[in-house]
Number of protein chains: 2
Amino acid sequence: MTERKRQILQSAQAVLKMKGYAATSVRDIAKSLEMEPASLYSHFSSKEDILKLTCFDMASKFDRAIQEINTLYFDAEQQLRMAIKEHVQILTSHLDSAIIFLRDWRNLTGESLSKFIEKRNSYEKGIRKIIQTGIDEGRFNESDIKFATLTVLSSVNWIVEWYSPQGKLNPTQIAEKLSDFILSGLIKNKL
Amino acid sequence: MTERKRQILQSAQAVLKMKGYAATSVRDIAKSLEMEPASLYSHFSSKEDILKLTCFDMASKFDRAIQEINTLYFDAEQQLRMAIKEHVQILTSHLDSAIIFLRDWRNLTGESLSKFIEKRNSYEKGIRKIIQTGIDEGRFNESDIKFATLTVLSSVNWIVEWYSPQGKLNPTQIAEKLSDFILSGLIKNKL
DNA sequence: ATTTGCCTAACGAACGTTAGTTTGTATTTT
DNA sequence: AAAATACAAACTAACGTTCGTTAGGCAAAT
């Protein structure tokens with residue numbers, strides 16, 4: 001990936017974030033770069049190519065993070081805190097891509113779509129594994145694992161809807177607050 | 001609204017739910033009804049009209065629910081449990097509309113868009129008010145209210161991504177689980 | 001001399017929408 | 001009871017626009 005291509009991709013993502021992939025035209029993207037629509041095809045093979053790069057780039061970031069955490073021998077609470085922190089970090093430091101990744105992946109087609117879903121499920125499984133460990137350790141409440149996993153992921157993912165780099169909470173603080181909130185729902189009362 | 005119009009709207013929503021508003025054409029909608037695209041215009045003035053009806057119909061359902069709850073003199077915990085239960089009930093009993101409402105509202109334009117955002121903020125304010133009451137009553141942890149509100153709404157809204165009428169949890173059970181989870185994060189430890 | 005990055009021009013397809021008409025079904029008038 | 005009217009809901013045909021994309025060329029950088 002050349003420097004120029006990365007530059008164009010970034011600008012494209014900034015535009016896609018605003019109106020969504022389907023409602024954004026190649027001409028919209030070109031205009032933001034002050035270039036002709038056709039010129040984009042010197043760098044990308046199709047509009048969907050831009051979506052693919054964005055989605056799979058983000059997916060692999062999440063993949064790398066969860067895989068690393070899963071190899072560490074911390075207890076479930078620490079693992080979950082780390083996972084949330086990494087997750088928030090990735091989302092907030094690539095906000096444009098993150099929004100597209102979370103919202104527009106459905107516009108992928110064919111093999112790309114199924115591969116993406118597979119990656120997504122694999123990540124979800126990584127989170128679920130941590131929660132399962134917490135239950136096995138006797139630290140987390142026994143509850144519907146799938147339910148717990150999805151609730152965790154939803155509250156974490158939703159931050160892209162309101163996070164602003166200018167806001168009063170930085171990513172680390174957000175991750176801490178979120179972890180406290182989530183863990184209070186998972187951890188057994190120490191009575 | 002005639003019976004036929006309601007019927008068409010419902011069929012349109014089933015199609016829109018699949019690919020999203022922007023990626024769905026008027027011809028797609030017509031095909032699902034086995035009619036000609038032009039015929040839709042006997043019932044709707046535009047494609048966006050369908051989106052408008054869907055979004056504002058859902059918005060008013062939520063609006064009605066929160067307003068009623070806010071007039072009841074229960075304590076904050078009970079109010080929040082009721083609000084969550086109503087919210088889940090609305091989402092799950094109008095799943096197609098709910099998905100469109102949550103995902104596609106950004107495709108509204110002009111005055112519709114700003115009015116919608118206004119309604120959305122007003123609902124959010126209703127939830128926030130309940131949480132604030134809980135803090136004032138000394139029952140909920142003092143925390144960033146906006147943060148708490150958004151986390152509550154995110155975990156509730158995300159259920160449309162995985163809820164199925166055939167699943168093992170019914171809406172009431174989901175609402176209870178979700179309430180327990182959320183309230184364990186809000187309520188002060190009774191030490 | 002070759003490559004890179006962008007251009008102009010234009011393609012065919014799909015888009016949302018309009019105009020005008022037909023059809024079937026109630027309702028009213030003869 | 002039969003004929004005339006009104007209306008709703010669908011149709012056919014087509015409009016102008018925008019869509020993603022391709023072909024081919026030109027100028028600057030390597």
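In the predicted model, the surface near DNA strand C comprises 5 nonpolar, 6 polar and 5 charged residues. These belong to a set of 16 residues that surround DNA strand C, of which A:E36, A:S39, A:H43, B:Y41 and B:K47 are the closest. Of the atoms of DNA strand C that come within 4 Å of the protein, 52% are accounted for by sugar and phosphate. Phosphate oxygens of the strand are approached by side chains of chain A, with an N or O atom in the side chain of A:S39 at 2.6 Å from one such oxygen and an N or O atom in the side chain of A:H43 likewise at 2.6 Å from a phosphate oxygen. The backbone of chain B also takes part, a polar backbone atom of B:V26 being placed 2.8 Å from a phosphate oxygen of DNA strand C.

Around DNA strand D there are 15 residues, and those that come nearest are A:Y41, A:K47, B:E36, B:S39 and B:H43. Sugar and phosphate make up 53% of the atoms of DNA strand D that come within 4 Å of the protein, and the surface near this strand is divided into 5 nonpolar, 6 polar and 4 charged residues. A polar side-chain atom of A:Y41 lies 2.6 Å from a phosphate oxygen of DNA strand D, while an N or O atom in the side chain of A:S25 is 3.4 Å from a phosphate oxygen of that strand. From chain B, an N or O atom in the side chain of B:H43 is found 2.6 Å from a phosphate oxygen of DNA strand D.

The contact between the two protein chains takes 27 residues from chain B and 27 residues from chain A. The area buried between chain B and chain A is about 2700 Å², and carbon and sulfur atoms give 69% of this area. Within chain B, the residues that lose the most area to chain A are B:F147, B:W158 and B:F181, which together represent 28% of what that side buries.

Charged and polar pairs are also present across the interface of chain B and chain A, where 4 salt bridges are found together with 3 residue pairs in polar contact, both residues of each pair being at pLDDT 80 or more. One salt bridge joins the side chains of B:R106 and A:E161, with an N to O distance of 2.8 Å. On the side of chain B that touches chain A, the elements that give two or more residues are α7 (145-157) and α8 (171-186) of chain B, and α8(B) gives the most, with 8 residues. By class, the residues of this side divide into 12 nonpolar, 8 polar and 7 charged.

Technical notes
Residues are numbered from 1 along each chain as its sequence is written. Chains are lettered from A and ligands numbered from 1 in the order in which they are written. This is a predicted model: local features need pLDDT of at least 70, side-chain atom pairs count only at pLDDT 80 or more; totals for chains, interfaces and linings use all residues. Side-chain values use heavy atoms; hydrogens and water are left out. A residue is near a molecule or strand if one of its heavy atoms lies within 4 Å of it. A polar contact is a pair of N or O atoms within 3.5 Å; within protein, one must be able to donate a hydrogen and the other to accept it, and residues adjacent in sequence count only if both atoms are side-chain atoms. Ala, Val, Leu, Ile, Met, Phe, Trp, Tyr, Cys and Pro count as nonpolar, Asp, Glu, Lys and Arg as charged, and the others, Gly among them, as polar. Contact means heavy atoms within 4.5 Å. Buried area is the accessible area (1.4 Å probe) that two parts lose on being put together, summed over both. Helices (H or I, at least four residues) and strands (E, at least two) are DSSP runs, numbered from the N terminus.
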